[in-house]
Amino acid sequence: MDAAGEEGGMTYGEVVDYFNSLQDPPAQERIDCIIPYLISLLPAPFVPAPPDAASADDSEDDHFSFTSSDDDSAAEDARSFPSLPPGDGEEDHISRLADDLLSEIISRLSTKEAARTMALSTRWRRVWAKTSLLVDDAHLRDADNEVSLVRAISRCVDAHPGPVRAARITHVAFYHHEYALRRLVASLADKNVEDLILFNRPWPLNMPLPDDIFRCAYLRRLYLGAWMFPEVAAAAFVNLRELGLFHCIIPDRDFDALLSLCSKLEVLSLAMSYNCPSRLRIKSPSLRAAVEWMSSLDEIVVDGAPCLERLLLHHAIPVAERTPIKIVSAPRLEVLGILDLQLHELQIGGTTIRPGMWMFVKSSAKLPSLKILAVKVCLAIEREIKLLMMLLKCFPHLETLHIKVVVVLVHASIPPCASPEIANCADVWESLGSCECLKSHLKTVSIQGFHTERYEVLCLKYLILEGEVLETVAFFCEDKVCFAAKDDEAAEIELMFPKNLVQDRWSFQSAIDLSLDDPFFYAVES
């Protein structure tokens, strides 16, 4: 691993040095706390793990076990079934169903339960072999026995002729099983795996991912966690639609090469990446959504992304300087956020958006395609108020604005401005005037973290007074949600408290879900 040579924020080399410098518990245990969080971000499994999956043992009368033999031959496992007479096990009503229906039943079972159907009859064995394989190590887990788990995963894949519909492996520290890892990835490639989630229980952090990963030409969805990426092959992932790299080490040149080779990629996510890659450069003819989640990056650049609709950020790591977000070319970008005005510096068309230029915005610094914006802002700071209004001028067709109120500064080393707090000053809001989106397009505003402070009320009042086509204003204070409506004559704020549950949609899953019109929206259930 050589990620410490990159410039900018925290690097993997610094992470290693930090954990190694600590006393008990050891680095492995400390770094392991990251993995459950990353796994919680993943798409839901096709088949949930049974409640007792972690402790259930094979019963003595099972005809087939993935862990019962030390022999690594899959053919030996297949021959270990007892010889069953024709028709045995086929007199029940389920076995009278057509093969297609039996295959559908098997596809809805856990990995272990699906394999056990082979013991019912020769027909069930044949149907299992014809059903696309689903492998989830949560279905095979034997508590405190990782060797058995690795053996079970390998035997499961080897015993099936393919194809592999999906493989989800998140419970193995592969550093102790390198040969099994190489064999597993090669076998998944040979059997045309379409959906792969492969996580390593890290330490050291530089566990290499086998080169055979690039032979998985049929992959449509791929999530990788805690790996060092191999050098990108000339042809990689030509059918991939969704890619997630979690806590992975991949140099900038390989990341750029990987993105250029995924010609059908639609969703890209980068989670908890520490400066390797040092930047997120989005250049893709097909990408529709890019997600940066709790990573340390020098910059984010969008250049040559004609189909990009969403740029979503969850930036929880303070850095010494604001991270530049450069939008060079994204003609279809509709959703942007959460833009942290203390941690991010937005550039559009080569122009850095600053509060001092808010009176005039040239056309090259405008993004008329943007419809939804989410920002994190301290409404007690004059600089951030003016920067918020500057953003509204840059997005003339904005329809929805989500504001997350920051009460205190996230990082003290980033000076917001030289101005004092303006909590009791209405002059700044009165001097802002209006803009095109407030006059003609802005219909919905939500304010999260509303504490009824005077400076927050001033912001709310300004938006209601200036929003000429505003239809809905929702603000959230602790466990309550309020809706504000404007009286056209008196321009007063009327508060309404809905009785139904309000759900916060913003999460990693909402960020990668293209079916949601607004990934930040707080939906009131009917």
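Is Arg332 buried, partly exposed or exposed? Arg332 is partly exposed, with a relative accessible area of 43%. The close-up views below come from a predicted model, and Arg332 returns in the first of them, where Arg332 has a partner.

**View 1. Glu309 and Arg332 meet in a salt bridge.** Look for the two side chains, which come to 3.6 Å, nitrogen to oxygen. Glu309 sits in the loop between β9 and β10 (310-314), while Arg332 sits in the loop between β11 and β12 (335-340). The two residues are 23 apart along the chain, and their pairing links distant parts of it. Glu309 is buried, with a relative accessible area of 15%, whereas Arg332 is partly exposed at 43%.

**View 2. Lys326 pairs with Glu299.** Here is another salt bridge, with the closest N and O atoms 3.0 Å apart. Lys326 belongs to strand β11 (residues 323-327) and Glu299 to strand β9 (residues 299-302), so this pair ties together parts that are 27 residues apart in sequence. Lys326 counts as partly exposed, at 26% relative accessibility. Why can such pairs form? Side chains of opposite charge can pair when their charged atoms come close.

**View 3. Asp190 and Arg215 belong to a network of salt bridges.** The side chains of Asp190 and Arg215 meet at 3.0 Å, N to O. Asp190 lies in helix α9 and Arg215 in the loop between β3 (195-199) and β4 (221-225), so their bridge ties together parts that are 25 residues apart in sequence. Asp190 is exposed, with 53% relative accessible area, and Arg215 is partly exposed, at 38%. Which residue joins Asp190 and Arg215 in the network? It is Asp212. For the wider picture, the structure holds ten salt bridges.

**View 4. Helices α8 and α9 come together.** Two packed helices are described by the angle between their axes and the distance between the axes. For α8 (residues 146-159) and α9 (residues 178-190), the axes come within 10 Å and cross at roughly 25 degrees. The two helices are therefore roughly parallel to each other, and their crossing is left-handed. On the α8 side, the contact is made by Val150, Ile153, Ser154, Val157 and Asp158. On the α9 side, Ala180, Arg183, Leu184, Ser187 and Leu188 take part. Sorted by class, the residues of this contact are six nonpolar, two polar and two charged.

**View 5. Helices α5 and α7 pack at an angle of about 70 degrees.** Helix α5 covers residues 99-107 and helix α7 covers residues 122-130, and their axes are 9 Å apart. That angle makes α5 roughly perpendicular to α7. The crossing of these two helices is right-handed. Find Asp99, Leu102, Ser103 and Ile106 in α5, and you will see them meet Arg123, Trp124, Arg126, Val127 and Trp128 in α7. The contact has five nonpolar, one polar and three charged residues.

**View 6. Thr452 lies in a loop between β17 and α14.** Strand β17 spans 444-448 and helix α14 spans 454-466, with the loop of Thr452 between them. Is Thr452 buried or exposed? Thr452 is exposed, with a relative accessible area of 55%. Now find Cys477, which is 25 residues from Thr452 along the chain. The C-alpha atoms of Thr452 and Cys477 are separated by 8.0 Å.

Terms used:
Residues are numbered from 1 along each chain as its sequence is written. This is a predicted model: local features need pLDDT of at least 70, side-chain atom pairs count only at pLDDT 80 or more; totals for chains, interfaces and linings use all residues. Side-chain values use heavy atoms; hydrogens and water are left out. Axes are lines fitted to C-alpha atoms, for helices over the stretch in contact, and angles run from 0 to 180 degrees between N-to-C directions. Helices (H or I, at least four residues) and strands (E, at least two) are DSSP runs, numbered from the N terminus. Angles under 35 degrees count as roughly parallel, over 145 as roughly antiparallel, 65 to 115 as roughly perpendicular and the rest as oblique. A crossing is left-handed if the near helix is turned anticlockwise from the far one by less than a right angle, and right-handed if clockwise. Contact means heavy atoms within 4.5 Å. Ala, Val, Leu, Ile, Met, Phe, Trp, Tyr, Cys and Pro count as nonpolar, Asp, Glu, Lys and Arg as charged, and the others, Gly among them, as polar. A salt bridge is a side-chain nitrogen of Lys or Arg within 4 Å of a carboxyl oxygen of Asp or Glu. Buried means under 20% relative accessible area, exposed over 50%, partly exposed in between (1.4 Å probe, protein chains only).
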